[in-house]
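User: Could you take one part of this structure and walk me through it closely? I am in my first year, so please go step by step and show me how that part sits in the whole.

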Number of protein chains: 2
Amino acid sequence: MTGSIAVIGLGPGHPDQVTPEASRALTAADELFGYGLYLERVPERPGQLRHASDNRQELSRAGAALDRAAAGTSVAIVSGGDAGVFGMAAAVCEAIEEGPPAWRAVELRVVPGLTAVLAVAARVGAPLGHDFCVLSLSDNLKPWTLVERRLAAAAEAGFVLALYNPISRARPWQLGRAFALLTERLPATTPVVFGSHIGRTGEHVSVVPLAEADPAAADMSTCIIVGSAASRTVWRPGLPPLVYAPRAASETSR
Amino acid sequence: MTGSIAVIGLGPGHPDQVTPEASRALTAADELFGYGLYLERVPERPGQLRHASDNRQELSRAGAALDRAAAGTSVAIVSGGDAGVFGMAAAVCEAIEEGPPAWRAVELRVVPGLTAVLAVAARVGAPLGHDFCVLSLSDNLKPWTLVERRLAAAAEAGFVLALYNPISRARPWQLGRAFALLTERLPATTPVVFGSHIGRTGEHVSVVPLAEADPAAADMSTCIIVGSAASRTVWRPGLPPLVYAPRAASETSR
């Protein structure tokens, strides 16, 4: 008998941002797989097995879970944010395509979740209020030249940019290069939003003009939004500024 | 005394995809504002006033809600999906920037929600598994030439595309033009996903190659995902195909 695999997005981190659909799917699983820090967010249930693995073990984790599912178990893999946005869903699909035929017979269900940038955006107003791109700055799995080409294309076409995986110990200079590239293409006053640990201990959100954006303000867990030339910053007495992308755009919008 | 305004994303439509944070914020409000079809999704609470308005009345709806909040009321405005992605949050920010000073003193809270494309993507695998753009095809508030420029830039740089507001009675030809433009830039086999009413009565999801993508398969409520040249389709015996974007990309990825 073939089992099933659910790939579940846990949202940005606060339990109130986990959908009821995700909570139910977590409870229903016989075995949970995932990066240890994400598994820790899931309430314990007696009788449910847990297989924690290190970060960046996506493909082997997916394979281990598919093996269990193919053997008849009801398995869940957890991701932070949305499983489909730089999460485990693509790794599971890749494993299914490249793995043994038995894995193709496993019933797959992806349970969507709030991806980080939606939570960061909500904290400052509506910086994604118009067309935007979501881009990983990591060059672990793609060449840096491609990252630069995508940054340039998106900024020149007037998209707001959401940057995931902006910096890490192994990738220390890339974010500074990205800011430099964007500075050549966008006004110095373009708002840049840094957001991390939204809804969790250590939440940090800041808004600065592009000319003052400092890569040192980000770490692995930061999600960064870089506005377009059309983005607006609204100052409010006694309240933090709002950042939003106007709903209307003109041909001169960059 | 100044009140507050919460702008709340209701998710794609299924009650299990409304976050607990959104449910709580809905219950806490004294008065609800929103497009009638979205308000109908919110459970009734005795004593809570409701102000339903037509679609496309975003700015006047935002102003009416801000007036009540400035008068001391605890107000909520609802949006489908995420309020920050082609929803009410940008309209509220715009109203605050352009309105009377009293509106700037109102406490604003945006409660994020699952935006439609995450729910559509989850149904077919992980089509957003790598860099992607989110783009409204509506030329009500921007010139069509700008839409075309953004489509071309995104496709040429290898982004997967998520298209919102693809078609309506007033905009009958734009989606066909978009498919034609993308056909010139992407392989004929590029997977295209049509998704509508996810998690609700009348849910419809289909996957076709770009060469066979038919604008007539979409309506106002459809969200469309157009893959990149790197996107993969995985055929499974007895199960629907999976679509995913590989996590790795090369410089030749278009």
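Analyst: Here is a close look at one strand, S9 of chain A, followed by its surroundings and the way the two chains meet. Please keep in mind that this is a predicted model.

Let's start with the strand itself. S9 of chain A covers residues 191-196. Is S9(A) enclosed or open to the outside? Six of its six residues are buried, so the strand is largely enclosed by the rest of the structure. You can see this on both faces of the strand. A:Pro191, A:Val193 and A:Gly195 point one way, while A:Val192, A:Phe194 and A:Ser196 point the other way, and all of these residues are buried.

Next, which strands pair with S9(A)? One partner is strand S10 of chain A, residues 204-209, which pairs with S9(A) in the antiparallel sense over six bridges. If you would like a spot to look for on the screen, find A:Val193, which stands opposite A:Val207 in S10(A). Another partner is strand S11 of chain A, residues 223-226, which is joined to S9(A) by four bridges and also runs antiparallel to it. Here a good landmark is A:Phe194, whose bridge partner in S11(A) is A:Ile224.

Now follow the chain out of the strand. In the loop between S9 and S10 of chain A you meet A:His197. What is the phi of A:His197? It is near 55 degrees, a positive value in a residue other than glycine. That deserves a second glance, because most residues other than glycine have a negative phi. As for its surroundings, A:His197 has 17 C-beta neighbours inside 10 Å, so it counts as partly exposed; a residue needs 20 or more to be called buried.

Chain B offers a similar case to look at. B:Asn165 has a positive phi of about 50 degrees although it is not a glycine. This residue lies in the loop between strand S8 (160-164) and helix H8 (174-183) of chain B. With 19 C-beta neighbours inside 10 Å, B:Asn165 counts as partly exposed.

Let's step back to chain A as a whole. Chain A has eight helices and 13 strands. Its radius of gyration is 20 Å, close to the 18 Å that the globule rule gives for 254 residues, so chain A is as compact as a globular protein of that length. Along its principal axes, the C-alpha trace of chain A spans about 60 × 40 × 35 Å. Of the 254 residues in chain A, 54% are buried.

Where does our strand fall in the domain assignment? Chain A is assigned a domain 1 (4-114) and a domain 2 (117-244), and S9(A), at residues 191-196, falls within the range of domain 2. The C-alpha centres of the two domains lie 28 Å apart. Seven residues of domain 1 of chain A are in contact with ten residues of domain 2 of chain A. On the domain 1 side of that contact there are four nonpolar residues, three polar ones and no charged ones.

Helix H6 of chain A, residues 116-124, gives you another covered element to set beside the strand: eight of its nine residues are buried. Among them are A:Val117, A:Leu118 and A:Val120. After H6(A) comes A:Gly125, whose phi is positive, near 130 degrees.

Finally, how do the two chains meet? In total, 60 residues of chain A are in contact with 61 residues of chain B. Helix H4 of chain A, residues 88-98, gives the largest share of chain A's side, with seven residues. By class, that side has 35 nonpolar, ten polar and 15 charged residues. Strands take part as well: three bridges join S7 of chain A (residues 132-136) to S7 of chain B (residues 132-136), and these strands run antiparallel. Within this pairing, A:Cys133 has B:Cys133 as its bridge partner.

That cysteine is also a handy marker for the symmetry. Chain A can be laid on chain B with an RMSD of 0.0 Å by a turn of 180 degrees and a shift of 0.0 Å along the axis. The two copies are therefore related as by a two-fold rotation axis. In chain A, the C-alpha nearest this axis belongs to A:Cys133, at 2.0 Å from it. Both copies use the same surface, as 100% of the contact residues of chain A recur in chain B.

Notes: Residues numbered from 1 in each chain as written. Chains lettered and ligands numbered in written order. Predicted model: local features only at pLDDT ≥ 70, side-chain atom pairs only at ≥ 80, totals over all residues. Contact = placed C-beta atoms within 7 Å. Helix = DSSP H or I, 4+ residues; strand = E, 2+ residues; numbered from the N terminus. Nonpolar A, V, L, I, M, F, W, Y, C, P; charged D, E, K, R; others polar. Pairing = 2+ DSSP bridges. Domains from an automatic or database assignment. Rg over C-alpha atoms; globule rule 2.2 N^0.38 Å. Buried ≥ 20, exposed ≤ 12 C-beta atoms within 10 Å, placed from the backbone. Least-squares fit on C-alpha atoms with pLDDT ≥ 70 in both.
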